[in-house]
Amino acid sequence: MTLTRDPDTYTSEWQAWHQAHEAARADGHGFLAVTGLHWLTERPQSLDDAPGEWWSDADGVHVTLDAAEGVTLDGVTLEGTHDFGPIPERGGVTLLRGDVAIEVARRGGHDIVRPRDPQNPLRVQYAGTPTYFPAPEWVLEGRYVAFDAPRPTTVGSVADGLEHVYDAPGQVTFEINGTPQALTAFPGGAEGALLVLFTDATSGVTTYPANRSLAVAPPDDEGRVILDFNHAVNLPCAYTDHATCPLPPEENRLSFAVEAGEKLPVERGGHR
């Protein structure tokens, strides 16, 4: 595992990565397309941006629809009352109505409906996220230290009163200017990969105040990892209030400024 890179090659690779990340963010059914966040209760409710009447109880999520509304699930048109059953935490299903996707999910122990319309102005007008210029000095070597057993870790959310619980498998340790640091890591998107949520001294100044995230590739055989803070990215809550993003654990609130990665979005008052 090496930190030595040709600066021009590194910059070109970073630019290609960030362009791909931006394209995924601006997907027609991505978070920029979300038009509402609806918390379901046992009382049936109609929604402004999705057809049907929706409710949730101990048996899961339910909706009553008219066939003429054209809502489909896995290509089948729904009519009358449809029972989704219990939805697992951080799980969900997606319905379609024309170009609009209707996410039915569970977050923080609550069932939600979150429609996504490709014509949402936030998506249509999105012009990209400002970033720090990629700097090789923010590519740091660290070490992964596994816990004896995954630790259930409760963190807050940008949604008031909501909490998330993750099984943290371990910590990533590293040094900055000779000072030891340790970050609690959560499971990443691939086998053995890690995800770190953090804030730092730039949070609320040049970067989004609540959180940023950093994906970390699986440790090597000696437990070494690379922390490339140039790849620190915003979570959906940096762009829309219709998100339930987790906050970092207390120990992941860094005291120094990580002047790398994505900055505060223009939509939240950031500058290019």
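I looked up the open sheet first and found four strands in the order β2-β3-β4-β7, paired in the antiparallel sense; strands here are DSSP runs of E of at least two residues, numbered from the N terminus, and two of them pair if DSSP finds at least two bridges between them. I noted that β2 (45–47) and β7 (80–85) are the edge strands, since each pairs on one side only. From one strand to the next the twist averages 30 degrees, taken between axes that are lines fitted to C-alpha atoms, with angles running from 0 to 180 degrees between N-to-C directions.

I keep in mind that this is a predicted model, in which local features need pLDDT of at least 70, side-chain atom pairs count only at pLDDT 80 or more, and totals for chains, interfaces and linings use all residues. Residues are numbered from 1 along each chain as its sequence is written, and side-chain values use heavy atoms, with hydrogens and water left out.

Next I followed β4 (residues 60–65), which is joined to β7 by five antiparallel bridges, and there I found Thr 64 partnered with Thr 81.

I then turned to β11 (residues 139–156) and β12 (residues 163–176), which pair antiparallel over 10 bridges, with Thr 153 standing opposite Tyr 166. These two strands form a hairpin with six residues between them, and in its turn Gly 161 has a positive phi of about 80 degrees.

Last, I checked β12 against β13 (residues 179–187), and seven bridges join this antiparallel pair, where Val 172 has Leu 183 as its bridge partner. Their hairpin has two residues between the strands, and Asn 177 takes a positive phi near 55 degrees.
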